[in-house]
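Work through these exercises with the structure open beside you. Each task is followed by a stepwise solution.

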Amino acid sequence: MGLAVGAYGLSFGVLAVASGMSPLVATLSSLFVLGGGSQFAFVGVLAAGGNPMTGAIGGLLLNVRYVAFGLAIAPHLPAGRLSRRARDAYLIVDESVGLGLAAPPGQVARRFRVIGATVAVTWIGATAIGAYGGQLLGDPEALGLDAAFPAGFLALLAPWLRDRPGQVAALVGTALALLLTPISPPGVPVLAAALGAVVALRVTPSVTSRAAPSPSPSSDPSMGCDPSAAGEAFLDDALQRSGDTGGARR
Amino acid sequence: MILALIVLALGTFAMKALGPVVAAGRELPPLAARLSILLPAALLAALVATQTVGGPDGLTIDARIVGVGAAGLAVALKAPFGVVVLVGAAVTAGIRAIGWG
């Protein structure tokens with residue numbers, strides 16, 4: 001897992017610098033945000049010439065799931081001083097919550113903290129290496145770095161494409177973004193695409209995925225594929241739980 | 001850019017902190033939880049689309065579409081994140097090196 005996060009952080013550092021961020025700011029953003037997908041999205045909007053604030057809003061929308069993750073892990077964390085709870089909150093990432101919740105009862109808090117700290121240190125360190133090393137690279141376009149962004153987003157998207165609601169959200173989001181691209185400023189089509197998730201709410205998780213066993217984090221062959229893969233068990237579970245409730249309500 | 005990054009950092013931390021610091025023991029309404037988990041699918045897909053065929057004057061087809069296609073193949077083959085990114089960049093660079101896009 002460290003390896004996957006390392007490669008991801010390295011790519012982020014290189015691409016952040018290629019899109020005009022200084023290595024120091026890139027590294028500090030990893031320290032203070034600690035949310036890979038949202039940082040990637042922010043830098044992607046910068047690279048496309050969009051308004052930074054649009055990038056920040058897009059990043060925040062990507063991170064709304066941390067509210068759900070935080071509420072899910074909170075009951076497993078011992079009550080403590082405010083500073084300690086704030087530190088736990090900082091360590092909330094896909095991997096720490098996904099793998100933490102999969103731990104045997106009683107070990108959830110410990111595993112959550114160990115994994116969260118490992119991810120944080122690796123992510124920040126790899127960003128710094130990528131960012132300072134990336135300065136040495138040549139012309140970003142000749143190196144195809146502008147295509148590295150969508151390639152990375154595609155890798156991040158993969159876990160969602162295994163279930164029907166995720167597919168619908170992705171499809172509607174893509175359509176909205178493409179329709180709006182010729183007529184709106186950069187970054188705006190991506191924000192509007194959030195409506196795709198609203199449309200997908202009407203789709204019940206498919207039967208096949210519900211019947212399929214949740215991938216065990218340690219044996220899942222896609223583990224190294226992307227950082228959100230580790231959160232998949234949680235993702236599947238949450239999607240199905242909420243899908244069940246939605247179904248019952250209808 | 002710095003101000004936008006501060007907004008992103010503070011906003012992200014606020015959302016993370018809601019559970020452990022403010023509302024321990026509560027749950028999101030199921031529909032809201034589901035929406036929060038589906039949002040990345042819609043946004044990431046839109047990012048893939050706009051950054052593959054988006055340009056300063058609307059939609060353009062260039063070398064990126066080949067590179068991202070190759071990256072998609074790498075994703076389908078369960079390649080690790082770093083490999084997917086490298087394939088996307090390298091194929092795009094290769095297409096440009098032979099003079100297109």
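**Exercise 1: the largest pocket**

Task: Sort the lining of the largest pocket by residue class, then place the pocket in the model.

Solution.
- Start with the classes. The lining of the largest pocket has 14 nonpolar, ten polar and three charged residues. This model is predicted.
- Next, the volume. The largest pocket holds about 570 Å³.
- Find the centre. Among the 27 lining residues, those closest to the centre are Ala47(A), Ala48(A), Gln51(B), Gly54(B) and Arg64(B).
- Now the elements. Chain A gives two or more lining residues from each of α1 (2-18), α3 (36-47), α9 (145-157) and α11 (188-192). Chain B does so from α2 (30-53) and β1 (54-55).

**Exercise 2: the largest cavity**

Task: State how many cavities of 30 Å³ or more the whole structure has. Then describe the lining of the largest cavity.

Solution.
- Count. The search finds four cavities of 30 Å³ or more.
- Size. The largest cavity encloses about 230 Å³.
- Centre. Its lining has 22 residues, and Tyr8(A), Gly36(A), Gly37(A), Arg65(A) and Asp94(A) lie nearest the centre.
- Classes. The lining of the largest cavity splits into 13 nonpolar, six polar and three charged residues.
- Elements. In chain A, α1, α3, α4 (52-63), α5, α7 and α8 (108-134) each supply at least two residues, as does α2 of chain B. The largest share, three residues, is from α3(A).

**Exercise 3: a salt bridge**

Task: Which residue forms a salt bridge with Asp94(A), and which helices hold the two partners?

Solution.
- Partner. Asp94(A) pairs with Arg65(A), with the closest N and O atoms 2.9 Å apart. The cut-off is 4 Å.
- Location. Asp94(A) sits in helix α7 (residues 94-101) of chain A, and Arg65(A) in helix α5 of chain A. They are 29 residues apart, so the pair links distant parts of the chain.- Total. Over all chains there are four salt bridges.

**Exercise 4: an aromatic pair**

Task: Classify the ring pair Tyr66(A) and Phe69(A).

Solution.
- Context. The structure holds ten aromatic pairs over all chains.
- Geometry. The ring centres of Tyr66(A) and Phe69(A) are 6.2 Å apart, and the planes stand at 70°, so the pair is edge-to-face.
- Spacing. Tyr66(A) and Phe69(A) are about one helical turn apart because they lie three residues apart in helix α5 (residues 65-73) of chain A.

**Exercise 5: a nonpolar surface patch**

Task: Which residues form the nonpolar patch on the surface?

Solution.
- Members. The patch consists of Leu24(A), Leu28(A), Leu31(A), Phe32(A) and Tyr132(A).
- Area. Together they have about 480 Å² of accessible area.
- Source. Helix α2 (residues 23-33) of chain A gives the largest share, four residues. Leu24(A) lies in this helix.

Technical notes: Residues numbered from 1 in each chain as written. Chains lettered and ligands numbered in written order. Predicted model: local features only at pLDDT ≥ 70, side-chain atom pairs only at ≥ 80, totals over all residues. Heavy atoms only, no water. 1 Å grid on protein atoms, 1.4 Å probe; cavity = no way out; pocket = protein on both sides within 12 Å on 5 of 7 lines; lining within 4 Å. Points joined across faces, edges and corners; volume = space filled by probe spheres on them. Nonpolar A, V, L, I, M, F, W, Y, C, P; charged D, E, K, R; others polar. Patch = residues over 30% accessible without salt bridge, like charges linked within 9 Å, V, L, I, M, F, W, Y side chains within 5 Å. Areas by Shrake-Rupley, 256 points an atom, 1.4 Å probe, with all protein chains shown as cover. Salt bridge = Lys/Arg side-chain N within 4 Å of Asp/Glu carboxyl O. Phe/Tyr/Trp six-rings, centres within 6.5 Å; stacked < 30°, edge-to-face > 60°.
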